[in-house]
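Visitor: I should like to learn how to read a few features of a structural model. Please begin with the pairing of charged side chains.

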Amino acid sequence: MNASLKWFTGHREMLLVVVLLVISVLFGLLNPSFFSAAHLFGILRSSVVLGIMALGVMTVLITNGIDISVSATAVVAMYVTTVTLNAVGFHGTVLVAILLGCLIGAVLGLVNGILVAWLKLPAMIVTIGTLTLYRGGLLAFVGTERIRELPAQMAEFGQLQLIQVSSGGRLASLHVSVLVWIVLAIGLAVVLRDTWWGRYLYAIGDNQEAASRMGVKPDRIRISAFVLSGTMAGLAGIFYASMNRAADPSTLVGFEMSVLAAVVLGGANVTGGRGTVLGTVLGVLLITLVGNSLVLVGIPSAWQQLFVGVFLLFGVVMPAIRDRRNRIRRGVVVAD
């Protein structure tokens with residue numbers, strides 16, 4: 001492995017920035033409208049739901065866990081909130097819908113956390129099970145119809161723009177949810193860096209036994225990570241319904257793969273102890289940029305899943321190569 005590749009494997013964020021720039025220039029050469037404000041704003045808008053879910057899942061991965069159920073959690077929070085507020089005829093502030101959606105997501109995340117931390121069950125098996133359970137329960141007991149009549153201020157929030165500019169004779173708008181995503185990302189980065197909770201997340205993901213000897217309560221920290229992941233998914237679900245002006249219980253199927261791909265592509269280690277907010281945000285932007293721009297440069301949108309799979313494998317293989325190189329250097333394993 002040459003020196004440049006070694007350096008990039010150890011600096012994932014810089015590698016992602018370079019890849020984002022190269023792909024942007026390539027797409028811009030193939031279709032100059034790629035750099036239009038309307039398209040760039042569209043990429044940021046499309047990044048919001050994926051990005052908010054990814055922030056929550058990243059905290060779980062840092063603890064050496066995984067949350068496959070985020071897409072189902074988001075749909076349950078979105079649909080149950082809409083049905084409930086419509087049933088009581090609520091027409092007040094959208095903050096109530098957001099708080100209710102986050103509360104539902106937190107409860108579903110708590111279920112995952114208890115099953116994983118207290119019952120010592122494998123996180124992947126548990127969250128695959130709850131993924132099916134949450135979706136199945138929603139369709140069986142709540143409803144299957146697509147709801148187009150959202151509570152009044154949820155619909156108005158979907159049309160709330162942060163800025164508007166003229167682009168190619170059209171008006172391009174940046175949705176206010178992009179700002180919310182940025183604020184959440186900055187806040188989580190500060191929490192992970194400057195609080196005991198953030199340090200404990202990395203500690204139990206890196207070496208749970210050593211963290212326990214230092215007085216850390218791994219079960220509580222792990223449960224809190226699942227609760228945060230569920231809360232983020234609930235918020236993402238409310239934003240998704242507002243921006244699409246409908247609550248559909250059959251939507252976001254398979255979306256959890258894009259979330260995982262963004263997180264591991266951003267440098268979060270599937271074995272725990274490693275992951276950054278900046279890397280996750282860059283991973284989200286890369287996946288959204290490619291997914292939103294394929295048709296623009298003449299590539300069928302069906303290829304999007306192919307790229308998600310490639311990104312997911314890349315995010316897993318790169319750390320494995322780095323770890324193997326380190327073990328060889330320490331003499332733990334013998335190079336072939």
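**Salt bridges and a helix**

Guide: K120 forms a salt bridge with D219, their closest N and O atoms being 2.9 Å apart. The term denotes a side-chain nitrogen of Lys or Arg within 4 Å of a carboxyl oxygen of Asp or Glu. K120 lies in the loop between helix 5 (94-118) and helix 6 (123-141) and D219 in helix 11, so the pair ties together parts that are 99 residues apart in sequence. Helices (H or I, at least four residues) and strands (E, at least two) are DSSP runs, numbered from the N terminus.

Visitor: On what basis were these values obtained?

Guide: This is a predicted model, in which local features need pLDDT of at least 70 and side-chain atom pairs count only at pLDDT 80 or more, while totals for chains, interfaces and linings use all residues. Residues are numbered from 1 along each chain as its sequence is written, and side-chain values use heavy atoms, with hydrogens and water left out.

Visitor: How many salt bridges does the structure hold?

Guide: In general, side chains of opposite charge can pair when their charged atoms come close. The structure holds four salt bridges, one of them between R213 and E209, at 3.2 Å between the closest N and O atoms. Being four residues apart in helix 10 (residues 208-213), R213 and E209 are separated by about one helical turn.

Visitor: Which residues of helix 8 are buried?

Guide: Buried means under 20% relative accessible area, exposed over 50%, partly exposed in between (1.4 Å probe, protein chains only). In helix 8, the buried residues are S177, V178, W181, A185, L188 and L192. On the other side of helix 8, V183, I186 and R193 are exposed.
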